[in-house]
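I opened this model at the bench today and kept notes as I went. Here is what I looked up, entry by entry.

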Amino acid sequence: MSDETSAERSADDTVRALTGGSPAADWLARYSGSLLGVFGTPQRVLVRGSGCDVWDADGARYLDLLGGIAVNALGHAHPFVTSVIASQLATLGHISNFFTSPPQVALAEKLLDLSAAPEGSRVFFTNSGAEALEAAVKLARRNSTPERQRILALDGAFHGRTMGALALTSKEAYRRPFEPLPGGVEHIPFGDIDALTAAMDAGVAALVVEPIQGEAGVRPLSAEYLRAARDLTREHGALLILDEVQSGIGRTGRWFAHQAVDGVVPDAMTLAKGLGGGFPIGALVTFGEEVSTLIGAGQHGSTFGGNPVATAAGLATLHALETTGALRNASDVGAFLRRGLAVTEGVVAVRGDGLLIGFDLDGDHAPAAVQAALDAGFIINATGPATIRLAPPLILTQEQAATFLDALPGILDTARTPADSTPQEAPA
């Protein structure tokens, strides 16, 4: 790992000039007095990143094995992506959707190409995954009739925290404080083809599923389930909407997780997280002319969605992923990590694909393991009392992964007898 460069020191100096340099304790005190407390107390105050490493306000370095929750596909401060963003911002930053720009059109074309979308397919750009899901809900409503109004989602689903996306999300703790939610959504058992078959009829407007449930602990749907979902939705006139916000953009070693299953082409797909390499952007991709014309002029919109800087960031990210072998690296390093985790004492189950990995511990000490990992210089995430999630940059090396595997037994030993721990609830 390289030492801090003069350019990085200059960037640090600029940030300090704008914000004022303070130790972490001061920043955390100021945070509690100025930010809405929806995230609890931050675990650290991070000030700089490079590749797969980040540094906090007190100078400690961490290997980032969460990647901003699957966002930083190319790590931190990727030189090509940052240069494209800076160049575009210096050229044309925002224009509203009364106009378009070359990056917007080029990114839409690239996404349609990577998803092998048929003729007539289209893209709508948003600023986040939740906004992409909101657009998907409206698409489902446009597929509704007086007789066809049900939307199906799965137990364990996480689709976002805005009201439409929250209606699709199953976790009661997220839903209850904001009820009544938009109606017409039903949750059915995860991965159960018989339950899906029983629930599906001509009254279903859409089925919304994640090929891999990230927030639920990295739970993949089987190929058989996805094929059944495609066949049943087509038979009954429902839309199959795949939420690839977390599993897309190379995270599984393929551009989109559903591409592992031959013959499964969705009617719509939501994207975000890794698409901008750290810059906020999301997308709804609609497949085919019939679905793509369900929403017409004036029926949806976004002031910032598809702006030149965000779409330039998306183009740069996809180009870098495509030309540097990052997808192959995600597959190879992910397999290395899963093999190592499977033989680690205290790990009782390992799931996932590519560099989206979940593993279960032999006790309810996952939140304590997150803290012990931080103290040891690693950023990981607990999705439940006994479950850890990893979603590192797709450029993570095998050598970096090995440092975590070597440290993990000691991290788990520490976590089994914590002095104190607070359960971690990070938004997906």
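**Entry 1: His 300.** Before anything else I wrote down the cut-offs: buried means under 20% relative accessible area, exposed means over 50%, and partly exposed is in between. The model I am reading is a predicted one. I then asked whether His 300 is buried, exposed or partly exposed. His 300 has 29% relative accessibility, so it counts as partly exposed. I found His 300 in the loop between H11 and helix H12, which spans 308–323.

Leaving out residues up to four places away in sequence, I listed Phe 124, Ala 135, Lys 138 and Ile 295 as the residues that His 300 touches. With Lys 138 there is also a polar contact between the side chains, at 3.0 Å. I checked one distant pair too: from His 300 to Leu 396 I get 38 Å, C-alpha to C-alpha, with their positions 96 residues apart in sequence.

**Entry 2: Ala 135.** I followed the His 300 contact to Ala 135, which is in helix H6. Ala 135 has a relative accessible area of 2% or less, in fact 1%, so it is buried. Besides His 300, the contacts of Ala 135 beyond four places in sequence are Phe 124, Leu 284 and Ile 295. Ala 135 and Leu 284 are 149 residues apart in sequence, yet their C-alpha atoms are 7.0 Å apart in space.

**Entry 3: the second largest pocket.** Next I looked for open space. Rolling a probe the size of a water molecule over the atoms shows where empty space is left. The second largest pocket holds about 620 Å³. It has 25 lining residues, and those closest to its centre are Arg 122, Val 123, Phe 124, Phe 125 and Ile 295.

Which helices and strands each supply at least two residues of this lining? I noted helix H5 (102–114), strand S4 (122–126), helix H6 (129–142), strand S12 (282–286) and helix H11 (289–292). By type, the lining splits into 12 nonpolar residues, 12 polar ones and one charged.

**Entry 4: the nonpolar cores.** In soluble globular proteins, nonpolar side chains tend to be buried together. Here the largest nonpolar core has 63 residues, and the members that touch the most others are Leu 321, Leu 337, Phe 359, Ile 388, Leu 390, Leu 396 and Phe 404. A second core, separate from that one, has 20 residues, among them Ala 135, Ala 136, Ala 206 and Ala 272.

I picked Leu 390 for a closer look. Setting aside residues up to four places away, Leu 390 touches Leu 65, Leu 337, Leu 341, Leu 355, Leu 356, Ile 357, Phe 359, Ile 380 and Phe 404.

**Entry 5: helix H14.** Is H14, residues 366–376, mostly covered or mostly open? Mostly covered: eight of its 11 residues are buried. The buried ones are Ala 366, Pro 367, Ala 368, Ala 369, Val 370, Ala 372, Ala 373 and Leu 374. Their cover includes strands S3 (61–64), S14 (356–361), S15 (378–379), S16 (381–384) and S17 (387–390), as well as helix H15 (398–416). After H14 comes Gly 377, with a positive phi near 95 degrees.

**Entry 6: two threonines.** Thr 383 sits in strand S16. With 19% relative accessibility, Thr 383 counts as buried because the cut-off is under 20%. Beyond four places in sequence, Thr 383 is in contact with Gly 214, Glu 215, Ala 216, Gly 217 and Arg 389.

Thr 344 is in the loop between helix H13 (326–342) and strand S13 (347–353), and at 9% relative accessibility it counts as buried. Outside its sequence neighbours up to four places away, Thr 344 touches Leu 408, Pro 409 and Leu 412.

**Entry 7: backbone oddities.** Most residues other than glycine have a negative phi, and most peptide bonds are trans. I noted these exceptions:

- Ser 96 has a positive phi near 70 degrees; it lies in the loop between helix H4 (79–91) and H5 and is partly exposed at 22%.
- Ile 249 has a positive phi of about 60 degrees; it lies in the loop between strands S10 (239–243) and S11 (268–271) and is buried at 2%.
- The peptide bond from Glu 179 to Pro 180 is cis, with omega near 5 degrees; Pro 180 is in the loop between helix H8 (172–175) and strand S6 (185–188).

Conventions: Residues are numbered from 1 along each chain as its sequence is written. This is a predicted model: local features need pLDDT of at least 70, side-chain atom pairs count only at pLDDT 80 or more; totals for chains, interfaces and linings use all residues. Side-chain values use heavy atoms; hydrogens and water are left out. On a 1 Å grid over the protein atoms alone, a cavity is a set of points where a 1.4 Å probe fits but cannot get out, and a pocket is an open set with protein on both sides within 12 Å along at least five of seven lines; lining residues have an atom within 4 Å of a point. Grid points are joined across faces, edges and corners, and a volume is the space filled by probe spheres set on the points. Helices (H or I, at least four residues) and strands (E, at least two) are DSSP runs, numbered from the N terminus. Ala, Val, Leu, Ile, Met, Phe, Trp, Tyr, Cys and Pro count as nonpolar, Asp, Glu, Lys and Arg as charged, and the others, Gly among them, as polar. Buried means under 20% relative accessible area, exposed over 50%, partly exposed in between (1.4 Å probe, protein chains only). Contact means heavy atoms within 4.5 Å. A polar contact is a pair of N or O atoms within 3.5 Å; within protein, one must be able to donate a hydrogen and the other to accept it, and residues adjacent in sequence count only if both atoms are side-chain atoms. A nonpolar core is a set of buried Ala, Val, Leu, Ile, Met, Phe, Trp, Tyr and Cys residues joined through side-chain atoms within 4.5 Å.
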